[in-house]
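Biologist: Hi! Could you walk me through this one while I have it open on my screen?
Modeller: Happy to, let's have a look together.

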Amino acid sequence: MPVFDRRYRGYAGPRRAERAAVWTLARFALRHLFDSKLTLVLAVAVGLVPLGFGTFVYLANNLDVLQSAGIQVDLSLVDNGTFFAFLSVQTALAFLFAAFVGPALVGPDFAHGALPLYLSRPISRGGYVAGKLLALLLPLSLATWVPGLALVGLQAALAPGWLGGHARVPLTLFFGSWIWILMVSLVVLAISAWIRWRPVATGAVFGFFLIGEAFGLAINQFLDTRWGSILALDDSVETIWQSLMGGATIFGRPVVQEPLPVAACAAMLTLVTAAALAAFRAKVKGAEVSR
Amino acid sequence: MGATGTGGAAFWATQVRAMLGLELKKTFLRARALPVVLVALLPVTLLALRAVVHPISGGDPAPAAEVARVYGHIFQLFFLRLVVFFGCFGIFTYLVRGETSERSLHFYLLSPMRREVFLAGKFVAGLVAAGALFSVSLALQLLLAFVPGVTTNGTGYLFAGPGAGHALAYFGVTLLAVVGYGALFLALAFFFRNPMIPAAILLGWEWINFLLPPVLQKVSVIHHLQSLCPLPVDRGPFALPAAPTPPALAVPGVLLLAALLLWTAARRARKLEVTYAGD
């Protein structure tokens, strides 16, 4: 009768670097991202806008196509304003996406006490934060700067020499998008970690941005100042975009009326981003005392 | 049932009272209610800031009528549309979906209590908590807006002048908003696992209300609430004019809507089953 050796043997297979755990977290989170119908609807909406802008860019560079079809139009040339409008629409949709999808990424982990399970594996608190952040930043990147740069590429291909005169546009699309999506992602994750319950977390994300903006306007009105607008985070980021682009107009008017100093807007956005990161990280603990 | 003391209006009222006490203790008088309290006190913070900054800056006190006009904007565009809306969302949806989230709804459903009484108890608890919170916030706002030294003859305007009538109207509108939005969000919590999706659509609808044709403007809570406000506000150059609803129609209209929503929610509550796995 054979006797098998059943003693414990340590794992001898290949080991992945500790940093790989971050990607594992993000990969698993992304796998379930599109389980919800709402996420799919939002993703389709986010994808349709670049198609619309792409059509506009194509037609603006091929007016003869429309004229041959008997349509007389006066499409203005593609300029900074076009890409500013693209950035505004896509970041608004990215915000909606993050507000509805983000809480599902971390809310259940906190609500069901799963943090000790994560942190008992070879992953640090920072790694957990990075993994979840990555899972949100990837789709938001696909919604904002990736199609933005593709549109710039299309315009540059259709109008040789255009890029030389608009070199700041792709930089604004890239850096401007990152400023917004990083802040929104961290705010969503921080609120979701503290509130835990998904619907209320989504409501709180909306409230954070909308109430902040309305509160800023109320400050402007009651205290007779314009500094209340610093609480309107979307206005602050638009001020930075306008500065990065070196000015942008839509229908002949500057997109941001009476902007605050760019440094103040940048300081505000940095403060919010840092506070959100600190708030999220503070909540990521391997053990929690319940009273 | 009534003869044995386990049914009838008096017994149900006792159950609602018991639920009210329980909800106030376990839901509202806890640290988790702090965010809603902070949101409710945002306008107070703004007005307190003004009361502190104005004397330091050495500016002249503003005329009471001008302050009343500016406060009308803040009440309608900030307090009513956002603070009360989000506050009611947080309070009333938590009453049902929060129980599901914390796996405690079945305790209610296992108790010898009619589902309609359960719903009424939840609604009354939310009404008392939200009504008290927003009324206190409103009282503080009015006192700070018309504080002497910042507003010329503010006290006289608020307590002896037209301000008293305005204040009463604001309190009435706030309570009516709590009833309307409260019933709406409580009903949504019974029908949707994630009530934020319909709430976001509703927020958008209420937000663009001034851009809608007059007939559609009336299909909203905010239009009727704004009709009851004592001072009209400028709604911007793109607003489509719509006649305000007379108070004799606006108040019963909102109350009727609330009753209809609660009746619908009660019908849903009768068939409510708890399957925590999905949440």
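Modeller: Let me begin with a backbone detail: A:Arg196, just after H9(A), takes a positive phi of about 70°. Keep in mind that this is a predicted model.

Biologist: Okay, and how many residues does helix H9 of chain A have?
Modeller: Helix H9 of chain A covers residues 168-195, which is 28 residues. From first C-alpha to last, H9(A) reaches 40 Å, close to the 40 Å expected at 1.5 Å a residue.

Biologist: Is H9(A) mostly covered or mostly open?
Modeller: Mostly covered: 20 of the 28 residues in H9(A) are buried. For chain A as a whole, 40% of the 291 residues count as buried.

Biologist: Let's zoom out. How many helices and strands are in chain A?
Modeller: Chain A has twelve helices and two strands. Going from the N terminus, you pass eleven α elements, then β-β, and then a final α.

Biologist: And what box do the C-alpha atoms of chain A fill?
Modeller: Roughly 90 × 60 × 35 Å, taken along the principal axes. As for contacts in chain A between residues at least 6 apart in sequence, 76% of them join residues at least 24 apart.

Biologist: Now the partner. How many residues does each chain put into the contact?
Modeller: Chain B puts in 27 residues and chain A 20 residues. On the chain B side, H2 (34-40), H3 (42-57), H4 (64-101) and H9 (196-207) each supply at least two residues.

Biologist: Which of those gives the most?
Modeller: H4(B), with 14 residues. By type, the residues on the side of chain B that touches chain A are 19 nonpolar, six polar and two charged.

Biologist: Which helix of chain A comes within 10 Å of H4(B), axis to axis?
Modeller: That is helix H10 of chain A, residues 198-223, and the two axes cross at roughly 165°. Angles over 145 degrees count as roughly antiparallel, so H10(A) and H4(B) are roughly antiparallel to each other. Their crossing is left-handed.

Biologist: Nice. Which residues meet there, between H10(A) and H4(B)?
Modeller: From H10(A), they include A:Pro199, A:Gly203, A:Gly207, A:Leu210, A:Ala214 and A:Phe222. From H4(B), B:Val70, B:Ile74, B:Leu77, B:Phe86, B:Gly90 and B:Arg97 are among them.

Biologist: How do the residues of that helix pair's contact divide by type?
Modeller: The contact of H10(A) with H4(B) has 16 nonpolar residues, six polar and one charged.

Conventions
Residues are numbered from 1 along each chain as its sequence is written. Chains are lettered from A and ligands numbered from 1 in the order in which they are written. This is a predicted model: local features need pLDDT of at least 70, side-chain atom pairs count only at pLDDT 80 or more; totals for chains, interfaces and linings use all residues. Helices (H or I, at least four residues) and strands (E, at least two) are DSSP runs, numbered from the N terminus. A residue is buried if 20 or more other C-beta atoms lie within 10 Å of its own, exposed if 12 or fewer, and partly exposed in between; C-beta atoms are placed from the backbone. Two residues are in contact if their C-beta atoms, placed from the backbone, lie within 7 Å. Ala, Val, Leu, Ile, Met, Phe, Trp, Tyr, Cys and Pro count as nonpolar, Asp, Glu, Lys and Arg as charged, and the others, Gly among them, as polar. Axes are lines fitted to C-alpha atoms, for helices over the stretch in contact, and angles run from 0 to 180 degrees between N-to-C directions. Angles under 35 degrees count as roughly parallel, over 145 as roughly antiparallel, 65 to 115 as roughly perpendicular and the rest as oblique. A crossing is left-handed if the near helix is turned anticlockwise from the far one by less than a right angle, and right-handed if clockwise. The expected span of a helix is 1.5 Å times one less than its number of residues.
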